[in-house]
Amino acid sequence: MKLKLISLFLIALMQLILVSSSQKAYAATSPTLGASASYSVLGHETITNTGSTTMPGNLGVYAGSAFTNSGTITIGPPGILHAGDSDAALAQLDNTAAFTSLNQGCDTTYAGTKDLVGLNLVPGVYCADSFHLTGTLTLSGSGVWIFKSSSDLITSGTANVVGGDPCNVWWRVVSSATLGTNTSLIGNILASTSITMATGATLNGRAFAQTGQVSLDTNTISGPTCSAVSST
């Protein structure tokens with residue numbers, strides 16, 4: 001009888017292990033943006049623009065107030081410019097909080113610099129020392145994607161993202177992000193330092209920099225509106 005009970009216990013344990021190994025629970029959860037949700041672009045000391053740039057949401061800078069525009073920039077509706085005011089200050093506070101909340105456990109860790117070109121990724125938290133994108137990245141399924149770079153994010157002119165929900169794609173960049181000429185990216189870029197968008201780069205999402213500037217050059221930015229969603 002005792003031997004039979006042990007056998008039944010071992011069978012149940014093996015079944016539990018098989019179920020657990022076949023069902024991966026992703027940790028990715030979109031943060032709450034708070035006051036920064038209405039912004040398409042948010043910089044710290046300075047924002048510069050060259051050429052013709054458009055965005056639907058607010059353009060803000062804080063703690064500085066410098067906005068240099070040598071081209072034409074269309075903000076909103078409903079967005080407006082907030083340079084060094086209390087609205088931009090609150091947005092930066094919530095930007096910092098969102099950046100912190102994106103520091104979630106990694107489902108997949110790549111060693112060194114990882115080029116995401118050619119990959120087909122399901123929702124989850126992906127980590128690397130540095131993320132590059134030189135071609136097409138495909139996002140499959142429904143949920144939240146978080147890309148955590150310990151340093152920078154760099155894309156080439158042929159970079160683009162297929163699939164995924166721009167409301168729930170997040171690029172957490174500890175250093176700076178550079179979108180190359182004619183890059184087409186989706187998601188929200190939250191960079192600790194600066195963000196540079198080269199000529200013709202497009203972003204279906206937001207560009208937030210905490211301590212540095214945001215540089216724009218003939219860019220199209222479309223800001224998604226959505227609520228936070230957790231993956232399963």
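Here are legends for five close-up views of this predicted model.

**View 1. The disulfide between Cys106 and Cys127.** A search of the whole structure finds 1 disulfide, and this view centres on it. The sulfur atoms of Cys106 and Cys127 sit 1.9 Å apart. With a torsion of about -95° about the S-S bond, the disulfide is left-handed. The bond links distant parts of the chain, 21 residues apart: Cys106 belongs to the loop between α2 (86-101) and β8, and Cys127 to strand β10 (residues 124-133). The two partners also differ in their surroundings, as Cys106 is partly exposed at 37% relative accessible area, whereas Cys127 is buried at 6%.

**View 2. Leu116 and its neighbours.** Leu116 is found in the loop between β8 (108-115) and β9 (120-121). Its relative accessibility is 0%, so Leu116 counts as buried. Leaving aside residues up to four places away in sequence, Leu116 touches Leu121, Phe131, His132, Leu133, Thr136, Leu137, Phe147 and Trp171. Have a look at Thr134 too: its C-alpha is 7.6 Å from that of Leu116, with the two positions 18 residues apart in sequence.

**View 3. Phe147 and Trp171 in the largest nonpolar core.** This core holds 38 residues, and Phe147 and Trp171 touch the most other members. Apart from it lies another core, of 16 residues, with Tyr39, Ala88, Leu102 and Cys127 among them. Phe147 is buried, at 1% relative accessible area. The contacts of Trp171, not counting residues up to four places away in sequence, include Leu116, Leu137, Phe147, Leu153 and Leu185. As background, nonpolar side chains in soluble globular proteins tend to be buried together.

**View 4. Aromatic rings around Phe131.** Tyr110, Tyr126, Phe131, Phe147 and Trp171 form one aromatic cluster, and the count of aromatic pairs comes to 4. In one of the pairs, the ring centres of Tyr110 and Phe131 are 6.4 Å apart and the planes meet at 80°, so the arrangement is edge-to-face. This pair links distant parts of the chain, with Tyr110 in strand β8 and Phe131 in strand β10, 21 residues apart. Both are buried: Tyr110 has a relative accessible area of 17%, and Phe131 has 0% relative accessibility. Phe131 also pairs edge-to-face with Phe147, at 5.7 Å centre to centre and 90° between the planes. Since Phe131 lies in strand β10 and Phe147 in strand β12 (residues 145-149), this pair ties together parts 16 residues apart in sequence.

**View 5. Arg172 over the ring of Phe99.** Here Arg172 lies over the face of Phe99, 4.0 Å from the ring centre.

Note on methods. Residues are numbered from 1 along each chain as its sequence is written. This is a predicted model: local features need pLDDT of at least 70, side-chain atom pairs count only at pLDDT 80 or more; totals for chains, interfaces and linings use all residues. Side-chain values use heavy atoms; hydrogens and water are left out. Helices (H or I, at least four residues) and strands (E, at least two) are DSSP runs, numbered from the N terminus. Buried means under 20% relative accessible area, exposed over 50%, partly exposed in between (1.4 Å probe, protein chains only). Contact means heavy atoms within 4.5 Å. A disulfide is a pair of cysteine sulfur atoms within 2.5 Å. A nonpolar core is a set of buried Ala, Val, Leu, Ile, Met, Phe, Trp, Tyr and Cys residues joined through side-chain atoms within 4.5 Å. Rings of Phe, Tyr and Trp (its six-membered ring) pair if their centres lie within 6.5 Å; planes under 30 degrees apart count as stacked, over 60 as edge-to-face and the rest as tilted. A charge sits over a ring if NZ of Lys or CZ of Arg is within 6 Å of the ring centre and within 35 degrees of the ring normal.
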